[in-house]
Amino acid sequence: MSAAETNPNVRTVASTQSEMTEIILPNDTNTLGNLLGGRLMHFIDLTGAMAAYRHSRTHVVTAAMDHIDFIRPVHLGDLLTLKSSVNRAFTSSMEVGVKVWAENTQTGGVVHVASAYLVFVAIDKQGRLQKVPQLLPETANEVRRYEDALRRREHREAESARRKEARLATDDEA
Ligand SMILES: CC(C)(COP(=O)(O)OP(=O)(O)OC[C@H]1O[C@@H](n2cnc3c(N)ncnc32)[C@H](O)[C@@H]1OP(=O)(O)O)[C@@H](O)C(=O)NCCC(=O)NCCS
């Protein structure tokens, strides 16, 4: 038996995997008939939250959405499929990866259109931080994502400290 089966404070990546499919309608698109970036970010946020809910089994808020790569446009009428899973859990936060594909309904062709990393934080109804279960990476890819997630967290923390310093330095400016 694995640690995830015997320990309620450990989850597998597979237990967090989530998926959502949407058809792109005129309300989702810009004047060229391509999916709006903000709408895509909304779908990414929702699919990411599903994995975070499955991992934490509590309330979650989006703390950060970073590293979104919009690789190719998505067209009116395409079927959009988003897949998410937790890459790593820390104390109250979880990094979730979301990958997005578009399917042309006429040709059946499927292309990778976007990828993103998000950080969700677990809180209770009063907004107090909640400790989340640890993640057990099982496959070579899961281990790679687990290790990369720590590097991204360190990078985010350094950037956040730099931005805070810049804000403080310019606070007196109009
Ligand atoms: C996210 C939030 C709960 C963090 O609260 P906080 O009091 O700043 O908490 P802390 O600084 O103690 O950090 C708590 C955790 O959040 C993480 N975190 C906080 N801000 C973060 C950010 N900008 N990016 C990534 N992680 C962040 C910390 O790394 C920490 O993780 P850990 O417990 O796993 O080590 C708070 O900033 C918040 O409520 N933000 C608004 C969220 C929101 O409204 N989202 C959109 C709608 S869902």
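Start by selecting V121 in this predicted model. Leaving aside residues up to four places away in sequence, V121 touches V60, V61, A63, S92, S93 and L129. You'll find V121 in strand 6. Is V121 buried or exposed? Since 20 C-beta neighbours sit inside 10 Å of V121, this residue counts as buried.

Now add L80 to your selection. V121 and L80 are 41 residues apart in sequence, and their C-alpha atoms are 26 Å apart in space.

Next stop: F120. Again not counting residues up to four places away in sequence, F120 touches G48, A49, A52, V60, V61, T62, A63, S93, M94 and V96. Keep F120 and V96 on screen and add V86: these three have the most contacts inside the largest nonpolar core, a set of 31 residues. Which elements give two or more residues to this core? Colour helix 2 (37-56), strand 4 (79-89), strand 5 (93-103) and strand 6 (110-123) to see them. Strand 6 gives the most, with nine residues.

Last, head over to the ligand. Which of the 14 residues around the ligand come nearest? Pick out A64, F90, T91, S92 and S93. Then show strand 3 (59-70), strand 6 and helix 3 (140-170), the elements that give two or more residues to the shell around the ligand. Strand 3 supplies the largest share of that shell, four residues. Try colouring the shell by residue type, too: eight of its residues are nonpolar, five are polar and one is charged.

Notes
Residues are numbered from 1 along each chain as its sequence is written. This is a predicted model: local features need pLDDT of at least 70, side-chain atom pairs count only at pLDDT 80 or more; totals for chains, interfaces and linings use all residues. A nonpolar core is a set of buried Ala, Val, Leu, Ile, Met, Phe, Trp, Tyr and Cys residues joined through C-beta atoms within 7 Å. A residue is buried if 20 or more other C-beta atoms lie within 10 Å of its own, exposed if 12 or fewer, and partly exposed in between; C-beta atoms are placed from the backbone. Two residues are in contact if their C-beta atoms, placed from the backbone, lie within 7 Å. A residue is near a molecule or strand if its C-beta atom, placed from the backbone, lies within 6 Å of it. Ala, Val, Leu, Ile, Met, Phe, Trp, Tyr, Cys and Pro count as nonpolar, Asp, Glu, Lys and Arg as charged, and the others, Gly among them, as polar.
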